[in-house]
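Here are some exercises to work through with the model open in your viewer. Try each task on your own before you read its solution.

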Amino acid sequence: MTTTTPPVTLDDILDAAARLKGVAHRTPVLRSRTLDTLVGAETFLKCENFQRVGAFKFRGAYNAASRLTPDQLARGIAAYSSGNHAQAVALAARELGTTAVIVMPEDAPRSKRVATEGYGAEIVTYDRYTGDREAIAGALAAERGLALIPPYDHPHVMAGQGTAALELLEETGELGALLAPVGGGGLMAGSATAAKGAHPGIRMIGVEPEAGDDTRRSLEAGRRVSVPVPKTIADGQALPTPGELTFSVNRRLVDEIALVSDDEIRAAMRFAFERLKMVVEPSGATPLAALLSGRVSDLPDRVGVIVSGGNVDAERFARLCACED
């Protein structure tokens, strides 16, 4: 009888947590009685919008980058991202005394591009609807001799992302369900590994925008399925296909996928701003949108939510909350 070792384990996440201690922020867990009443459950928000670079991505990027050899660090790092992983790799590179080159889509939010450049990274752009970012970044890394850190399909990246759920459960104790946004699947893969490793009965619920339900379709088909590049305000989840490694984890550990509309995402962003006094980017608001819009049935008494990021510039945030984008 043969067994396949999963790409990420609870021990990997515990190891990542030790490596990130004192480097990544231990982000707050917020509560709201109003939210509890609306949802019908005690709800615990793990606020990764207060993480370094404004999103959970710093956890995985630093965990992966910090494991590179001195020779690799001397040559530099390459990555590809629509924004949050770009910033995370750029900051991790700066923290570790090396350089970063990031492949970003031409239509990436300006605030994310400016922040990435602000951390000292070089940016190479491409058209997300016609270009292959993985191929572009791979060729660039090979040409310049750079270490490539992908945004989700990497064991050390997944392990780093899982530390967010680990911290949440350390603070709250056992939860009946945990919701997280799903794009490439790294946050969910790490979170599900951490959560089910600690509490096997927890219900793992991924949330995707309706326009980009590649993970939902893939789970239903039992294999990775591609969709057209989604057109959604949740730019961090505008991916056509789940990651290979992440899907191998999520197909085992994710219990269900909820879908939300762009209008529901906008409403969740407004709620977070008006009632919780938080700025949340569209992708980070999708799990909250799923709860507020009743997209998840039979909720348990205690529910965790990973608010994955808050990187949205003031002008776009105002347009989105006014339903003009």
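**Exercise 1. The cavity**

Which helices each supply at least two residues of the lining of the largest cavity? Locate them, then describe the cavity itself.

*Solution.* Please keep in mind that this is a predicted model.
- Step 1: The helices to pick out are helix 5 (84-95) and helix 9 (186-198), each of which supplies at least two residues of the lining.
- Step 2: Now count the cavities. The structure holds one cavity of 30 Å³ or more.
- Step 3: For the volume, the largest cavity has about 310 Å³ of space.
- Step 4: Turn to the wall, where 26 residues line the largest cavity. Nearest its centre you will find Phe 56, Lys 57, Gly 183, Gly 236 and Gln 237.
- Step 5: Sort the lining of the largest cavity by character, and you get 14 polar, seven nonpolar and five charged residues.

**Exercise 2. Two pockets**

Describe the volume and lining of the largest pocket, then do likewise for the second largest pocket.

*Solution.*
- Step 1: Begin with the largest pocket, whose volume is about 340 Å³. Its lining consists of 20 residues, and Arg 133, Glu 134, Tyr 152, Leu 239 and Pro 240 are the closest to its centre.
- Step 2: By character, the lining of the largest pocket divides into ten nonpolar, seven charged and three polar residues.
- Step 3: Move on to the second largest pocket, which has about 180 Å³ of space. Among the residues that line it are Ala 17, Leu 20, His 25, Arg 59, Thr 163 and Glu 170.
- Step 4: Assign helices to this lining. Helix 1 (10-20) and helix 8 (155-172) each supply at least two of its residues, and helix 8 gives the most, with four.
- Step 5: Here the division is five charged, four nonpolar and three polar residues.

**Exercise 3. Lysine 196**

Is Lys 196 buried or exposed, and which residues does Lys 196 touch?

*Solution.*
- Step 1: Find Lys 196 in helix 9, one of the helices met in the first exercise.
- Step 2: The relative accessible area of Lys 196 is 18%, which is under the 20% cut-off, so this lysine counts as buried.
- Step 3: List its contacts, leaving out residues up to four places away in sequence. Lys 196 touches Ile 202, Met 204, Leu 253 and Asp 255.
- Step 4: For a sense of distance, pick Val 53. Its C-alpha is 28 Å from that of Lys 196, and the two are 143 residues apart in sequence.

**Exercise 4. Strands and their partners**

What is the strand order of the open sheet of six strands, and which strands are at its edges?

*Solution.*
- Step 1: Reading across the open sheet, the order is 1-2-10-7-8-9, and the pairing is mixed.
- Step 2: The edges are strand 1 (29-30) and strand 9 (256-260), each pairing on one side only.
- Step 3: Look at one pair inside that order. Strand 2 (residues 42-47) runs parallel to strand 10 (residues 302-307), with six bridges. Phe 44 has Gly 304 of strand 10 as its bridge partner.
- Step 4: Now take strand 4 (residues 100-105) and strand 5 (residues 122-126), which pair in the parallel sense over five bridges. Here Val 101 has Glu 122 of strand 5 as its bridge partner.
- Step 5: Add the connecting helix. Strand 4, helix 6 (residues 110-118) and strand 5 form a right-handed β-α-β unit.

Note on methods:
Residues are numbered from 1 along each chain as its sequence is written. This is a predicted model: local features need pLDDT of at least 70, side-chain atom pairs count only at pLDDT 80 or more; totals for chains, interfaces and linings use all residues. Side-chain values use heavy atoms; hydrogens and water are left out. On a 1 Å grid over the protein atoms alone, a cavity is a set of points where a 1.4 Å probe fits but cannot get out, and a pocket is an open set with protein on both sides within 12 Å along at least five of seven lines; lining residues have an atom within 4 Å of a point. Grid points are joined across faces, edges and corners, and a volume is the space filled by probe spheres set on the points. Ala, Val, Leu, Ile, Met, Phe, Trp, Tyr, Cys and Pro count as nonpolar, Asp, Glu, Lys and Arg as charged, and the others, Gly among them, as polar. Two strands pair if DSSP finds at least two bridges between them. A crossover is right-handed if, with the strands pointing away from the viewer, the path from the first strand over the helix to the second runs clockwise. Buried means under 20% relative accessible area, exposed over 50%, partly exposed in between (1.4 Å probe, protein chains only). Contact means heavy atoms within 4.5 Å.
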